[in-house]
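Please open the structure in your viewer and keep the selection panel at hand. The stops below go from one part of the chain to the next, and each says what to select and what is there.

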Amino acid sequence: MTFKSKIVPLGDSALLVQVGDEIDITTNQRVHALAALINVSPPVGVIETVPAYGTLLVHYDSLLLSFGQIKNYLHEKMAQAQDNVFRKGKQLEVPVKYGGEYGVDLEAVARHCQLQMEDVIRIHSEKIYTVFMMGFTPGFPYMGKLDDAIIMPRLEIPRTRVPAGTVAIAGSQTGIYPIDSPGGWQLIGWTALQLFSPESESPFLFSPGDEVKFIVEK
Amino acid sequence: MSLEVIEVNGLATIQDSGRKGWKRFGVPASGPMDDFAFQAANMLAGNSENEAVIEIGLGDITFRALQDCVISVAGTGYGLSIYVWDFSLWSSYYVRNGWTIRFNKTDDGMWAYLAASGGVQTQPTLGSRSTYLRGRFGGLAGRQLQSGDVVSTGCLAHSSYEIAARTFREKARPAYTQSPTIDVIMGPQTKYFTNESIETFLSSEYSVSLTSDRMGYRLEGSPLTHRSKTELISEGMTLGAIQVPSNGQPIVMMADCPTTGGYPKIATVISADLPVLAQCVPNKSRIRFRETTVAKAQKKYRALMGGLRNSIVEADL
């Protein structure tokens, strides 16, 4: 089954393939399938692709490819991209210390969701999440979807510093801050895993499309 | 060969053509703010166009040559003096061991590029020598240059006398001005804005805010109004994209911009006009935006970049 998508320019050297506009696993898998198909043997002039929830951004060199040329190429690839070519990413377990100094917003989340803190921890760590996309800072995985019971909006005023390793939630998403950075998500835990080591041969713990399970660490 | 940093009252970072291939992991490209001046500086120094150079901005900066070398300088917003003489930008120079190279800030631009023959040599991170200040990697220990730093450069690839005393023809440079008309490609989220806002965006005057940095240029001027939603689910972003957060003040994404974003993008600045925009001075520049097409934008970019190859001539010193 091929899927319908729209190709729109983002300036003169990038374009967006718009597959869907919601946070949805099937849509996202189509984005990753298309990205994988392109990345196997990118044509000269295609610089790199950035998968997001419902879009694939393609950066290209406009000195080598016109918008028309890259559009034709992508239409070809979209015709080939079938849902079943979606290659599952790696599966990872992430040990998390929840609450207290490790997750300063856990109590507020429990209150907002009218749950006990233990329930929030259980619900958050029960599910297997997909890394829909990466962005914000190097190595930050946007994962989902959260169980409806623990959905809470982001902070009104972002914190100026969230420590590296902090596990957080916002809306139907969960993520982990790879480096100390500002952040507006609700902080519920912390992992000792290193998500980003720039000098290492494999600098990133996660890749877009990976599957992640949180393990409660006492 | 090497250059010593004597005094820094501005922002000096090491930049090459930027980090490629890591955007899907959230790593910004970084690289030069004014890509044209950056490439011109490299060509003047006899380098390939993506060698690392020193990007200079925001204030006065002084270097000293620790060996005889050939340097080149391109960009705007600076006066240049070497040893006891004042020189022009967009030229290459033979510099003697011990001579100082001074960059004095002027108010007609923002960024200058100091290239050395052989290129600045540092340990690349994720395939690039570009400094990403927020991520604290790349360049020299992931930070801006400080006095006392010694920046190593490669060896001369050509006979140095042939490389020095050349200049980049003025006609082939971008049309730098503080009151530019910047061409943009509208979208992809124009439907997030009211018709009046789109009209305002394309007809009123904007200036760059003082709170701008290598990540983004905040624009000051008539605020834009969203129809209803002020955010979308995050999607990929690119250099030149103009995001409009809920306060209605547009932000143009620059070299260190994040790879993804969730604010609606009203338009994207075309590649050929990015150097001109990058050199716009806060609170001084008066910028207007004009709609163009992708085909026209790509043609303009090809014409501009075509001029890079054959615009270096012997200087008339």
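Begin by colouring chain A in two parts, domain 1 as residues 6-85 and domain 2 as residues 91-216. Keep in mind throughout that this is a predicted model. With both parts coloured, you can place the centres of domain 1 and domain 2 of chain A, taken over C-alpha atoms, which are 28 Å apart.

Next, look at where these two parts touch: 7 residues of domain 1 of chain A and 8 residues of domain 2 of chain A take part in the contact. On the side that belongs to domain 1 of chain A, helix H1, residues 25-40 of chain A, gives the largest share, with 3 residues. What kinds of residue make up this side of domain 1 of chain A, nonpolar, polar or charged? The side of domain 1 of chain A that touches domain 2 of chain A has 5 nonpolar residues and 2 polar ones, with no charged residue among them.

Now select the four strands E1, E2, E4 and E3 of chain A, which lie in that order in an open sheet with antiparallel pairing. Strand E1 (6-9) and strand E3 (46-51) of chain A are at the edges and have a single partner strand each, so that one side of each has no neighbour in the sheet. Looking across this sheet, you will find neighbouring strands turned against each other by 20° on average, if direction is ignored.

Stay with the sheet and zoom in on E1(A) together with strand E2, residues 14-18 of chain A; the two run antiparallel and are joined by 4 bridges. Within this pair, select Ile7(A) and you will see Val17(A) of E2(A) standing opposite. Then bring back H1(A), which packs on the sheet and touches E2, E3 and strand E4 (55-60) of chain A, while the direction of H1(A) makes about 160° with that of E3(A).

Finally, zoom out to the whole of chain A, which has 4 helices and 13 strands. The radius of gyration of chain A is 19 Å, close to the 17 Å that the globule rule gives for 218 residues, so chain A is as compact as a globular protein of that length. If you rotate the C-alpha trace of chain A onto its principal axes, it spans about 55 × 40 × 30 Å. Buried residues account for 46% of the 218 residues in chain A. Among the contacts in chain A with a separation of 6 or more, 61% are between residues 24 or more positions apart.

Note on methods: Residues numbered from 1 in each chain as written. Chains lettered and ligands numbered in written order. Predicted model: local features only at pLDDT ≥ 70, side-chain atom pairs only at ≥ 80, totals over all residues. Domains from an automatic or database assignment. Nonpolar A, V, L, I, M, F, W, Y, C, P; charged D, E, K, R; others polar. Pairing = 2+ DSSP bridges. Axes fitted to C-alpha atoms, helices over the stretch in contact; angles between N-to-C directions. Rg over C-alpha atoms; globule rule 2.2 N^0.38 Å. Buried ≥ 20, exposed ≤ 12 C-beta atoms within 10 Å, placed from the backbone.
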